[in-house]
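Biologist: I am new to this structure. Can we go through its metal site and its backbone in turn?

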Amino acid sequence: MKAWPKEAVKKLKAAHSLFVLTGAGVSAASGIATFRDAGGLWENVKPEDVATPEAFARDPERVWRWYDARRRRVLQAQPNAAHRVLAWLETQAPRFCLATQNVDGLHQAAGSRGVLELHGNLWLVRCTQGCGEWEDRHELADFPYRCPHCKALARPGVVWFGEALDAGVFEKAEQEAMRADAALVIGTSSLVYPAAGLIDRLLERDALVVEINPEKTPFSGIVTVSLREKAEDALEALKKAWSFAP
Ligand code: NAD
Ligand code: ZN
């Protein structure tokens, strides 16, 4: 990639509080399809057609088979350089927050701690009758998944289109965005709200916002710096530039 703007690296390095928002693009180099090119990979369905409460009510087996396919794909995936550099960055900043829209757990696999998972996690399963939520990494055998306690339908512990985010998790992300003096927005189309609203919070406060995305987004023209680069390339370059910055 082209060199990082020196001033941006300097400000990132000097930040008291660094905020990072990631999306599916961060996991692209790990072989996990982003939302937009998902159709071909996942049984030719649009996520909007399977990742909704309506789809689950209509056909829970289909929804579970789709999630099972995603779970299997993620089981074969490894974190890439983007995940690794973000785990390293956490050790450099005085205060650091990573909020992700991804449900694949690859940030944690790379060593990031305290990740705010805005949209849940593929390994969480929740009883629809309120028995609770638990982690299950097993390969699924029966579809749809049923709660082992009450035999009611269980559902993936992810946030579907049209559903509210976990208020506690989102509020924490919002608070961190509002106190950050610098931020990275990486691999997200920034179209899905309320997650994209975190970028508005950052911009309202004049924080330095660096966007990393090979494609333009609605925020590309208003962030401080928009790098039209792949996450893995730009973050590796950032780590190198970091050691030379004042
Ligand atoms: P998105 O698919 O809408 O956007 C992905 C963005 O990544 C695009 O703007 C694309 O240009 C960019 N991109 C592609 N390759 C990249 C790379 N190598 N480096 C950097 N950027 C790259 O995804 P989103 O913005 O995360 O939001 C859509 C929703 O889909 C989210 O709610 C998310 O939960 C869900 N989702 C999650 C995963 C996952 O967990 N990995 C995968 C697909 C979708
Ligand atoms: Zn139950």
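Modeller: This is a predicted model. In it, the zinc ion (ligand 2) is held by sulfur (SG) atoms at 2.3 Å, from C127, C131, C147 and C150.

Biologist: What is the geometry of the site of the zinc ion (ligand 2)?

Modeller: The ideal angle for four tetrahedral donors is 109.5 degrees. The four donor atoms of the zinc ion (ligand 2) make angles of 106 to 112°. Four donors count as tetrahedral if all angles lie between 85 and 135 degrees, so the site of the zinc ion (ligand 2) is tetrahedral.

Biologist: Which spacing do the donors of the zinc ion (ligand 2) follow along the chain?

Modeller: The four donors are C127, C131, C147 and C150. Written as a pattern along the chain, their spacing is C-x3-C-x15-C-x2-C.

Biologist: How many residues apart are C131 and C150?

Modeller: C131 lies in the loop between β4 (120-127) and β5 (133-135). C150 is in the loop between β5 and β6 (154-158). The pair links distant parts of the chain, and the two are apart by 19 residues.

Biologist: Is C131 buried, exposed or partly exposed?

Modeller: Buried means under 20% relative accessible area and exposed means over 50%. C131 has 42% relative accessibility, so C131 is partly exposed. C150, with a relative accessible area of 35%, also falls between those limits. The term for C131 is therefore partly exposed.

Biologist: Which residue does a cis peptide bond join to P144?

Modeller: Most peptide bonds are trans. P144, in the loop between β5 and β6, follows a cis bond with omega near -10°. The residue before that bond is F143.

Biologist: What is omega for the cis peptide bond that joins Y193 and P194?

Modeller: P194 sits in the loop between β7 (182-186) and α9 (197-204). The bond from Y193 to P194 is cis, and its omega is about 10°.

Biologist: Is S190 buried or exposed?

Modeller: S190 is in the loop between β7 and α9, and its phi is positive, near 55°. Most residues other than glycine have a negative phi. The relative accessibility of S190 is 3%, and under 20% means buried. S190 is therefore buried.

Biologist: And is D206 buried or exposed?

Modeller: D206 is not a glycine, yet has a positive phi of about 65°. Its place is the loop between α9 and β8 (208-212). The relative accessible area of D206 is 71%, so D206 is exposed.

Notes
Residues numbered from 1 in each chain as written. Chains lettered and ligands numbered in written order. Predicted model: local features only at pLDDT ≥ 70, side-chain atom pairs only at ≥ 80, totals over all residues. Heavy atoms only, no water. Donors = N, O, S within 2.8 Å, 3.2 Å for Na, K, Ca; no water. Tetrahedral: all angles 85-135°; square planar, octahedral: opposite > 155°, others 65-115°. Helix = DSSP H or I, 4+ residues; strand = E, 2+ residues; numbered from the N terminus. Buried < 20%, exposed > 50% of the residue type's maximum accessible area, 1.4 Å probe, protein only.
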